[in-house]
Amino acid sequence: MVRLWSSQDSAATLRDYAICLRMAAIIVATIGRGTFPTRWPRSFNDRFILKHGYHPRDRFTLKAVIKQIASKHPILYCLEPDELDWANLQFEEAECFRIAMKTLNEEYSVPSLPVHDSLIVRRRDYELAAFELQRVYRERFGYAPTMTMDDSILDVEDPYDF
């Protein structure tokens, strides 16, 4: 069964722990329901068995997995069906991006493009874009998310900047 990993644990135990923390389907189910699931999601079981060759309940209790996930993402305890669930979270994230993009455009003339949970900006505008997005999150939620830059998408600074 899953527990916190310590330096005395084997590599196999560490691998199981890593698998447990990557169970995004449990997080998705939690956000979708507005509360933690009480059983393993059916479609999740099938995909998990195909990928790992065993049923998740063979090595993990759902309760232990939820405990590990919640320790990493305690905000999930704040979910409430129809109050703070996937639809509300999706709306709030979209609002953060919309406000940051509007500010970047209107106050700094910085073009940006939202893609999934990312904001594409010119390389030279990254720090400003990250600052604005963090500022909006901080104002709305009281915390700022961690930002990373993936500059592998484009190797040119800005070919259309005159």
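In this predicted model, residue E132 makes contacts beyond its immediate sequence neighbourhood: leaving aside neighbours within four places in sequence, E132 is in contact with A100, T103, L104 and Y108. The residue belongs to helix α6, which spans residues 126–141. E132 has a relative accessibility of 3% and therefore counts as buried, since that class covers values under 20% relative accessible area.

The nonpolar interior may be considered next. The largest nonpolar core has 16 residues, and those touching the most other members are M23, I26, W40, F60, V65 and I69. At least two residues of this core come from each of three helical segments, namely α2 (24–33), α3 (42–52) and α4 (62–72). Of the contributors, α4 gives the most, with 5 residues. Another core lies apart from this one; it consists of 12 residues, including C96, M101, L133 and Y137.

The surface offers a further feature. L113, V115 and I120 together make a nonpolar patch of about 240 Å². Within this group, V115 is found in strand β1, which covers residues 113–115. The relative accessible area of V115 is 39%, so this residue is classed as partly exposed, a category that lies between the buried limit of under 20% and the exposed limit of over 50%. Membership of a patch requires over 30% relative accessible area, and the 39% of V115 is therefore compatible with its place beside L113 and I120 in the patch.

Terms used:
Residues are numbered from 1 along each chain as its sequence is written. This is a predicted model: local features need pLDDT of at least 70, side-chain atom pairs count only at pLDDT 80 or more; totals for chains, interfaces and linings use all residues. Side-chain values use heavy atoms; hydrogens and water are left out. Patches are made of residues with over 30% relative accessible area and no salt bridge: like charges are joined within 9 Å, nonpolar side chains (Val, Leu, Ile, Met, Phe, Trp, Tyr) within 5 Å. Accessible areas come from the Shrake-Rupley method with a 1.4 Å probe; for residues, only the protein chains shown count as cover. A salt bridge is a side-chain nitrogen of Lys or Arg within 4 Å of a carboxyl oxygen of Asp or Glu. Helices (H or I, at least four residues) and strands (E, at least two) are DSSP runs, numbered from the N terminus. Buried means under 20% relative accessible area, exposed over 50%, partly exposed in between (1.4 Å probe, protein chains only). A nonpolar core is a set of buried Ala, Val, Leu, Ile, Met, Phe, Trp, Tyr and Cys residues joined through side-chain atoms within 4.5 Å. Contact means heavy atoms within 4.5 Å.
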